[in-house]
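Got your viewer open? Let's take a walk through this protein together, one selection at a time.

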Amino acid sequence: MNAEPEGPGPTTTTGVPAPVGPADDPAGGQDAGRVAGQDASRVAGQDASRVAGQDDGDGASGGRGVDTGGWRRLSRRMLIIHPFQEVVRSFPALIGLLFAGSARGGQGHIWTLVGLGVMIVLGTLRWFTTTYRVTPQYVQVRKGLVRRKVLTAPRDRIRTVDVTSHVMHRILGLARVEIGTGRSDRKDGGTLKLDALHATEVDRLRDELLHRRPAASAATSAAGSRTGVPLPAGAQTGLPTPAGASTGLTTPADPAGGVAPGGVAAHAPVGSAAYGHAGVAEAPETVLAALRPQWIRYGPFTLSGLVTVGVLAGFVSRIVSEGNVDLLSAGPVRQVVDWFGREALILQIAASLLVLAVFVAVASTIGYILAFWAFRLTRTPGGTLHVTRGLITTRATTLEERRLRGIELSEPLLLRAVGGARCIAVATGLRVGRGAQRGGSMLLPPAPRAEALNVAARVIGTSGPLTAELVPHGPAALRRRFTRALTTGAIFTGVLLVLSYWLGLPAWTWQTTLVATVVAMPVAADRYRSLGHTIEGDHLVTRWGSLVRRRVALHRDGIIGWNVRRSFFQRRAGLATLTATTAAGGQGYSVWDVDLSEALRTADRGIPGLLTPFLVRDGEA
């Protein structure tokens with residue numbers, strides 16, 4: 001069993017400067033020690049930061065950002081974007097100031113201009129109070145005006161690098177970089193954000209961080225060239241020299257002096273193709289999937305437009321509330337409301353559902369185009385999966401394949417009805433709590449199911465876990481599905497019926513729950529048909545769900561333990577839920593409502609011997 005524990009994410013320090021790096025050793029007794037301990041440390045802390053640090057591309061003199069002790073500022077062009085972002089974020093409040101001030105006969109426009117000025121100042125201060133640096137050991141970000149913070153992420157804990165370019169970023173040639181350590185799904189819990197760097201420098205930073213091509217190798221070479229003494233790997237610097245770094249020595253990981261792990265040429269000088277720069281052509285990427293125009297037809301069935309409805313409703317509600325606006329005073333709105341009130345209830349419901357369905361379908365299609373236009377999934381020679389997508393706002397996500405623990409085939413009900421599916425990575429370090437799209441784990445947008453199967457097979461290297469026949473969960477699981485649906489519906493219907501009789505609650509309340517109970521019957525049957533599991537080769541395969549059917553193929557090396565859970569009703573039915581715990585994806589994937597003996601057999605086959613000390617064989621008791 002090869003389990004990979006998750007390490008710490010970014011460390012936050014408030015009010016004190018972050019550690020600079022390895023300490024100098026002025027008291028060293030030998031010249032070589034002083035060379036390795038002082039010069040190399042200084043190079044690793046300063047020169048290496050210039051190698052790994054980003055050129056913001058501004059100014060006539062080459063445009064390098066301010067560099068003081070290795071700390072650098074973001075691109076100066078953010079002095080345009082930051083104030084604009086603050087103004088947009090506070091737009092509802094500014095509108096409220098305008099309407100509130102004008103309604104009372106005051107100078108609403110003056111208060112709005114004052115608020116606008118405050119937002120511009122705050123946005124400008126963000127640039128002046130934010131600095132960052134990239135050392136051979138850490139990526140650090142310093143920010144804050146009143147409450148100063150230093151965020152530190154060890155480079156060996158970096159899991160993903162996301163690159164996002166909004167409209168203004170693209171106009172100004174910038175990109176925002178999010179460095180993920182996978183520590184937490186909470187807001188900013190596992191990421192360091194650099195908003196923003198010059199777009200031409202972002203690829204180099206991403207390649208450096210994920211492929212473990214740190215500036216340490218460049219720094220060590222620089223130290224040797226300054227002193228005339230070639231330094232051995234890790235000598236007095238406190239840092240291990242990566243395999244294939246330019247130290248003048250052949251590393252154990254590369255005895256032939258050829259290609260080091262990860263596809264990096266050993267002894268490759270900085271500026272060569274092995275470090276992502278111009279020079280010798282790199283091996284081409286392998287394209288695993290690319291968006292086809294016919295996939296857009298799956299957009300209306302994603303229901304992502306419901307989010308748009310919620311956002312618009314919240315925005316309009318806030319404008320109406322803070323601006324004291326009476327929408328009914330508008331002529332067209334008043335006419336629609338009057339017409340709606342004259343119609344019968346059933347027609348009102350039908351018209352509302354029709355308008356909602358059309359709006360959601362159109363919004364979902366537009367959202368699909370905006371989010372996944374120019375989608376491309378590639379495999380790089382360095383052992384990473386690279387996803388690029390987006391029409392107006394572009395996003396690029398890079399995931400190390402060594403972090404991959406499996407694959408998920410996701411089929412929401414409507415998407416499944418038209419033969420579509422999505423492909424999602426099960427990997428350590430991805431922000432699963434934000435959803436597959438926002439968290440960066442989506443490897444294929446809604447597309448034909450056959451395409452999703454093909455992409456999933458190419459990612460994990462085999463199609464067996466995706467097509468293998470699953471073990472059904474038996475009649476006890478079927479009865480449990482129908483029992484839960486009927487019991488829940490009967491309880492709600494009964495309670496509402498009593499309230500209707502005693503308190504005069506409208507009759508349509510209990511009638512609605514009764515209809516919902518009837519509709520739940522085919523859903524319960526579909527939930528049972530979705531259940532299944534098996535062990536196929538090196539993968540545990542489990543499937544469940546109706547509204548969203550999921551089939552997960554989890555590599556057995558990624559399983560770190562088993563959790564056998566039995567509720568009161570499961571014990572009565574002889575069932576159990578077996579959960580494979582893992583550091584990847586959702587942290588656990590369950591085989592739902594399976595016979596207890598089958599659950600234990602599956603666990604024993606998945607990781608032989610792990611449960612043996614806890615099992616009592618037949619005839620031993």
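Below is a list of stops, each with something to select and something to look for. Keep in mind that this is a predicted model.

**Stop 1: the seven-strand sheet**

Start by colouring the strands of an open sheet with the order E9-E8-E7-E15-E14-E13-E12. The 7 strands pair in antiparallel fashion. At its edges you'll find E9 (191-198) and E12, each pairing on one side only. From neighbour to neighbour, the strands turn by 15 degrees on average, if you ignore direction.

Now select helix H2, which packs on this sheet and touches E8 (174-180) and E9. Its direction makes about 125 degrees with that of E9. H2 covers residues 78-89, and its 12 residues reach 16 Å from first C-alpha to last, close to the 16 Å expected. Which residues of H2 are buried? Show Met 78, Ile 81, His 82, Pro 83, Gln 85 and Glu 86 to see them.

**Stop 2: the E12 end of that sheet**

Slide over to E12 and strand E13 (residues 376-379), which run antiparallel and are joined by 4 bridges. Pick Thr 286 and you'll see Arg 379 of E13 standing opposite. Ala 290, meanwhile, stands opposite Arg 376 in E13.

E13 is also joined to E14 by 4 bridges, again running antiparallel. On that side, Arg 379 stands opposite Leu 385 in E14. E13 and E14 make a hairpin with 4 residues between them. Click on Gly 383 in the turn: it has a positive phi of about 85 degrees.

Next, bring up helix H13, which lies across E12, E13 and E14 and runs at about 155 degrees to E12.

**Stop 3: the nonpolar cores**

Nonpolar side chains tend to be buried together in soluble globular proteins. Here, the largest nonpolar core has 36 residues. Phe 375, Leu 377, Ile 407, Leu 443, Leu 444 and Val 459 have the most contacts inside it. Several elements supply at least two residues each, including E12 (286-290), helix H10 (345-372) and strand E16 (404-412). Which element gives the largest share? That's H13, with 7 residues.

Zoom in on Leu 377. Among the residues it touches are Val 287, Leu 288, Leu 385, Val 387, Leu 443, Val 455 and Val 459.

There's also a second, separate core of 26 residues, and Leu 74, Leu 151, Leu 174 and Ala 196 are part of it.

**Stop 4: the six-strand sheet**

Select another open sheet, this one of 6 strands in the order E18-E17-E16-E21-E20-E19, with antiparallel pairing. E18 and E19 (532-536) stand at the edges with a single partner strand each, so one side of each has no neighbour in the sheet. The twist averages 15 degrees from one strand to the next.

Look at E19 and E20 (residues 539-544): 5 bridges join these antiparallel strands. One residue to click is Gly 532, whose bridge partner in E20 is Arg 543. Then add helix H16 (residues 507-530), which packs on the sheet and touches E19, E20 and E21 (548-555). H16 makes about 170 degrees with the direction of E20.

**Stop 5: Glu 408**

Finish in strand E16, at Glu 408. Is Glu 408 buried or exposed? Its relative accessible area is 8%, so it counts as buried, which means under 20%. Show side chains here, and you'll find a polar contact between those of Glu 408 and Arg 550, at 2.7 Å. Glu 408 also touches other residues, among them Arg 422, Cys 423, Arg 551 and Tyr 589.

Definitions and conventions:
Residues numbered from 1 in each chain as written. Predicted model: local features only at pLDDT ≥ 70, side-chain atom pairs only at ≥ 80, totals over all residues. Heavy atoms only, no water. Core = buried A, V, L, I, M, F, W, Y, C linked by side-chain atoms within 4.5 Å. Buried < 20%, exposed > 50% of the residue type's maximum accessible area, 1.4 Å probe, protein only. Contact = heavy atoms within 4.5 Å. Expected span 1.5 Å × (residues − 1). Polar contact = N/O pair within 3.5 Å; in protein donor to acceptor, adjacent residues only side chain to side chain. Pairing = 2+ DSSP bridges. Axes fitted to C-alpha atoms, helices over the stretch in contact; angles between N-to-C directions. Lists of a residue's contacts leave out its neighbours within four places in sequence.
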